[in-house]
Amino acid sequence: MTEYIKKVSLPVDESGFLRRECPYCRRQFKVHMDEIESLEDQEDHYCPYCGQIADGSEWWTQEQVDYFRKVQENIAADLLNEHLIRPLKRSLSRSSCMRFEGKEVEKRNELIQPELDDMKLFALPCCQKKLKIVDEWEEVVHCYYCGFQH
C-alpha cells in the first residue's frame, strides 16, 4: 500500500497563536504554536472554559477540519485523474470501437482564512505558558496543559 504525505500549514495570528476549539462546549481559544509539540499531538488537554479533557487530536476548529477534508479530497482527485481517468483516455483514444468521454475530477480550493489577531492573552502560572481566550470570558479559566483552575 502506498502512503501519501502532504505537509499543510495552518494560519496563526500575529503573535503566533493557533485557534483551537473544545470538542465539548465548542468555544474557541488559542494556544501558542511553540507550545504545541506537533499538529499530530496525542496528549490530553483541558478546555480553558468548561474544563473537559480530550485527546490532543480532538481540538480542531470546524474550519480547520474542512480545510483538511479539502486537502484529502484533492489528493484523491489527483490520484484518480493520474491513475484512472488519463490512462483510460489515452488507451481508448487509439481504439476505433470504443470511446471514453470521462472528465477529470475537479479539485477544490484549499485556501483557509488568515487568522485574526483577536482574543485576550491569559497567563498560566501553573505551567509558565500563555493562551488566548475570548475577551468577554470572566469565569474560571482551566489550564489547557494541566487543567489547573485560575
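**Exercise 1.** Determine where Asp 44 lies and whether Asp 44 is buried or exposed.

*Solution.* Step 1: Asp 44 belongs to strand β3; helices (H or I, at least four residues) and strands (E, at least two) are DSSP runs, numbered from the N terminus. This is a predicted model, in which local features need pLDDT of at least 70 and side-chain atom pairs count only at pLDDT 80 or more, while totals for chains, interfaces and linings use all residues. Residues are numbered from 1 along each chain as its sequence is written, and side-chain values use heavy atoms, with hydrogens and water left out.

Step 2: The relative accessible area of Asp 44 is 44%, so Asp 44 is partly exposed. Here buried means under 20% relative accessible area, exposed over 50%, and partly exposed in between (1.4 Å probe, protein chains only).

Step 3: With neighbours within four places in sequence left aside, Asp 44 is in contact with Ile 53, Ala 54, Asp 55 and Gly 56; contact means heavy atoms within 4.5 Å.

Step 4: Asp 44 and Arg 86 are 42 residues apart along the chain, and their C-alpha atoms are separated by 45 Å.

**Exercise 2.** Describe the place, accessibility and contacts of Ser 15.

*Solution.* Step 1: Ser 15 is found in the segment before β1. Step 2: Ser 15 has a relative accessible area of 35% and is therefore partly exposed. Step 3: Apart from neighbours within four places in sequence, Ser 15 is in contact with His 32, Asp 117 and Lys 132. Step 4: The C-alpha atoms of Ser 15 and Phe 148 are separated by 24 Å, with their positions 133 residues apart along the chain.

**Exercise 3.** Characterise the aromatic pairs that involve Tyr 49.

*Solution.* Step 1: A pair of aromatic rings is described by the distance of the centres and the angle of the planes. Rings of Phe, Tyr and Trp (its six-membered ring) pair if their centres lie within 6.5 Å; planes under 30 degrees apart count as stacked, over 60 as edge-to-face and the rest as tilted.

Step 2: The structure holds eight aromatic pairs. One of them joins Phe 29 and Tyr 49 edge-to-face, at 6.3 Å centre to centre and 70° between the planes. This pair links distant parts of the chain, 20 residues apart: Phe 29 is in strand β2 (residues 28-32), and Tyr 49 is in the loop between β3 (44-46) and β4 (53-55). Both Phe 29 and Tyr 49 are buried.

Step 3: Tyr 49 also forms an edge-to-face pair with Trp 137, at 4.7 Å centre to centre and 75° between the planes. These two residues are 88 residues apart, Trp 137 being in the segment after β6 (129-133). Trp 137 is buried, as is Tyr 49.

Step 4: Ring pairs link Phe 29, Tyr 49, Trp 59, Trp 137, Tyr 144 and Tyr 145 into a cluster.

**Exercise 4.** Identify the residues of the largest nonpolar core that touch the most other members.

*Solution.* Step 1: A nonpolar core is a set of buried Ala, Val, Leu, Ile, Met, Phe, Trp, Tyr and Cys residues joined through side-chain atoms within 4.5 Å. Step 2: The largest core has 21 residues, of which Phe 29, Val 31, Tyr 49, Trp 59, Ile 133, Tyr 144 and Tyr 145 touch the most other members. Step 3: β2, α1 (62-93) and β6 each supply at least two residues of this core.

**Exercise 5.** Compare the expected span of α1 with its end-to-end distance, and locate its kink.

*Solution.* Step 1: The expected span of a helix is 1.5 Å times one less than its number of residues. Step 2: The 32 residues of α1 should therefore span 46 Å; the end C-alpha atoms are 43 Å apart, which agrees. Step 3: A kink of about 40° in α1 is centred on Asn 81, where the bend at a residue is the angle between axes fitted to the seven residues ending there and the seven starting there. Step 4: Asn 81 is also among the buried residues of α1, which include Gln 64, Tyr 67 and Val 71. What covers the buried residues of α1 includes β1 (17-21).

**Exercise 6.** State which sign phi has at Met 119 and Gln 128, and whether each residue is buried or exposed.

*Solution.* Step 1: Met 119, in the loop between α1 and β5 (120-124), has a positive phi of about 75° although it is not a glycine. Step 2: Met 119 is buried, because its relative accessible area is 14%. Step 3: Gln 128, in the loop between β5 and β6, has a positive phi of about 50° and is likewise not a glycine. Step 4: Gln 128 counts as exposed, because its relative accessibility is 65%.
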